[in-house]
Structures are given as C-alpha cells and as structure tokens.
Amino acid sequence: GKVQRPEWESSYHTPGYNLPPTSQIPVLYGKMGKRAFRSMRWGLVPSTHTKSLKEFNLSTHNCCSETILQRPIYSRVFQRGQRCVIPADGFFEWNSAKGAEKIPHFVHLKHREQENQMMIAGLYDRCKLNGEGELLFSATVITVAASDPISWLHHRMPALLENEEEVRQWLHTGALKASSTLDLLYPRVCIDLYPVSKVVNSTSTAGPACIERYEPPKKRKAVTIEKFFCKKQKSSKDSASSPTDEKN
C-alpha cells in the first residue's frame, strides 16, 4: 500500500551540511505501527544512564553490526525493536591508510540526480537525565565493512537500506524476527564519491561549499640540479642539430 507520510514529533529539524557527533540529527522510527520523525542526539545514551549528559563519556555515535548482540548497550535496544533510520544526502570520509594524505571525500548515492536520500540503519534509545524533566532521545549509526567503491578510502561504511521494503522490515518489529533483520546489514555498492575541500575538517564550517567537488592541485615534481643540467644540455644539443640551421 501507499506509505503514510511520517509526522514530526519534536521541533522541526534544521538540516546541516557538516553535522558532527553529539549534534541533533533527523531520525525516522516506528511508533505504534506508524512512522514518525524526531530530532535526536547523534550518539546513543542508554535508558540506564540517569546522571547528567556531561558524565556520559562513551563514544556511541557508531555501532558495528558484527557486535550488536555482544554489547549490552546496543543489544538491549535492538531486541526491544528500537531500530531507526537516519536519512542523509551523504557522508564525509577521510583516507584511513597509514601515511596517506587526509583528503576528505563526500560519499553519496550513485543516482544522486533522482534526489533520493541515503537511508542509514540505526538504533535509538531514550533516557531521563538527572535534573532534566524531558526525555532525551538519542541514536547511533550502524556500520558494516566497506564495499568496493569505498574500501580504498576507509574500512567501514554506514549500513544502508536500499528500498522501501527494507526500510519497512527494519523499522517495524512485526515484519521480521529481530535476528533476521541483521541480514539487512551488509556492504552496499550503490554509492559514489568525490573529493571535497578540507573546510569540512572544521565542524564550524557549514553550507553548500562543504559538498562541492574539489580537485586538489597537482604537486609539481622537484627538479634536482643534476636533472636541471641534463635537461639544459639536451636542449642545447637539440638546438645545434635543428633542421632550421641546415643549409639548403
């Protein structure tokens, strides 16, 4: 049937071009058989945390698909069906190879001209922080091993859902058994990428310039003194035997 348009449950999210962990991100999740959007903190804070946010020091913005069931902070929400989807136009990645220049790249869907967004699989939780009356909603991005288009750049990538049926199966607890939904998490090849400016290295930088294609200037090869003189001597010999100097 026709997919019902989800409604925002919290204040409308302001899109950003360079959102870092701990910032607010748009999250789609299932609620009582329906879908809803909510702005959530990027970095999952478990419901068992009752102290202040400043006292939460775990790095939970990414979650490895291979260890979801082994880590209690993720396995608990996964088994409860607290799965979500994070829509995005793309993400930034840097070369993780040792000694490589850290040139940022923007990774996006291959058919970007169709204005389709990436649908990234995630998990969410909610907790009531000490001294704060409202619930804090937070989410983590699930990652998988990198596919061929990006493996040369980084060894991990977000777990992508490619179509509406996969989104439905991931979001709605009655569609598949919890263990079966893990089969949806595998490397996808529906992506492409290009280099962007290093302005994205600073999270204070935002705007369309962050995702504009950038071609780094080619480095000029250093010329040693020996090569310089060899080149000069060769040029002199060529001039001496030039056909223009011959008599008719």
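This briefing describes the salt bridges of the structure and the helix α3, where several of them are found.

The model is predicted. A search of the whole structure finds six salt bridges. Some of the pairs link parts of the chain that are distant in sequence, as arginine 35 and glutamate 164 do, while arginine 168 and glutamate 165 lie together in one helix.

**Helix α3**

- Helix α3 covers residues 164-171, and its buried residues are Glu166, Val167, Gln169, Trp170 and Leu171.
- At the start of α3, asparagine 163 places a side-chain oxygen within 3.2 Å of the backbone nitrogen of glutamate 165.
- Glutamate 165 also forms a salt bridge with arginine 168, and the closest N and O atoms of this pair are 2.7 Å apart.
- Both partners belong to helix α3 and stand three residues apart, which is about one turn of the helix.
- Arginine 168 is partly exposed, because its relative accessibility is 34% and the partly exposed class lies between 20% and 50%.
- Glutamate 165 is likewise partly exposed, with a relative accessibility of 37%.

**A link between strand β3 and helix α3**

- Arginine 35 and glutamate 164 meet through their side chains in a salt bridge, with an N to O distance of 2.6 Å.
- Arginine 35 lies in strand β3 (residues 34-42) and glutamate 164 in helix α3, so the pair joins distant parts of the chain, 129 residues apart.
- Arginine 35 counts as buried because its relative accessibility is 17%, and buried means under 20%.
- Glutamate 164, by contrast, is partly exposed, with a relative accessible area of 35%.

**A link between two loops**

- Lysine 198 and glutamate 101 form a salt bridge in which the closest N and O atoms are 3.4 Å apart.
- Lysine 198 is in the loop between β11 (191-195) and α5 (225-240), and glutamate 101 is in the loop between β6 (91-93) and β7 (105-109); the pair therefore ties together parts that are 97 residues apart in sequence.
- Lysine 198 is partly exposed, with a relative accessible area of 42%.
- Glutamate 101 is also partly exposed, with a relative accessible area of 44%.

**A network of salt bridges**

- Glu162, Glu166 and Arg188 are connected to one another in a network of salt bridges.
- Within this network, Glu166 is one of the buried residues of helix α3.

Methods:
Residues are numbered from 1 along each chain as its sequence is written. This is a predicted model: local features need pLDDT of at least 70, side-chain atom pairs count only at pLDDT 80 or more; totals for chains, interfaces and linings use all residues. Side-chain values use heavy atoms; hydrogens and water are left out. Buried means under 20% relative accessible area, exposed over 50%, partly exposed in between (1.4 Å probe, protein chains only). Helices (H or I, at least four residues) and strands (E, at least two) are DSSP runs, numbered from the N terminus. A polar contact is a pair of N or O atoms within 3.5 Å; within protein, one must be able to donate a hydrogen and the other to accept it, and residues adjacent in sequence count only if both atoms are side-chain atoms. A salt bridge is a side-chain nitrogen of Lys or Arg within 4 Å of a carboxyl oxygen of Asp or Glu.
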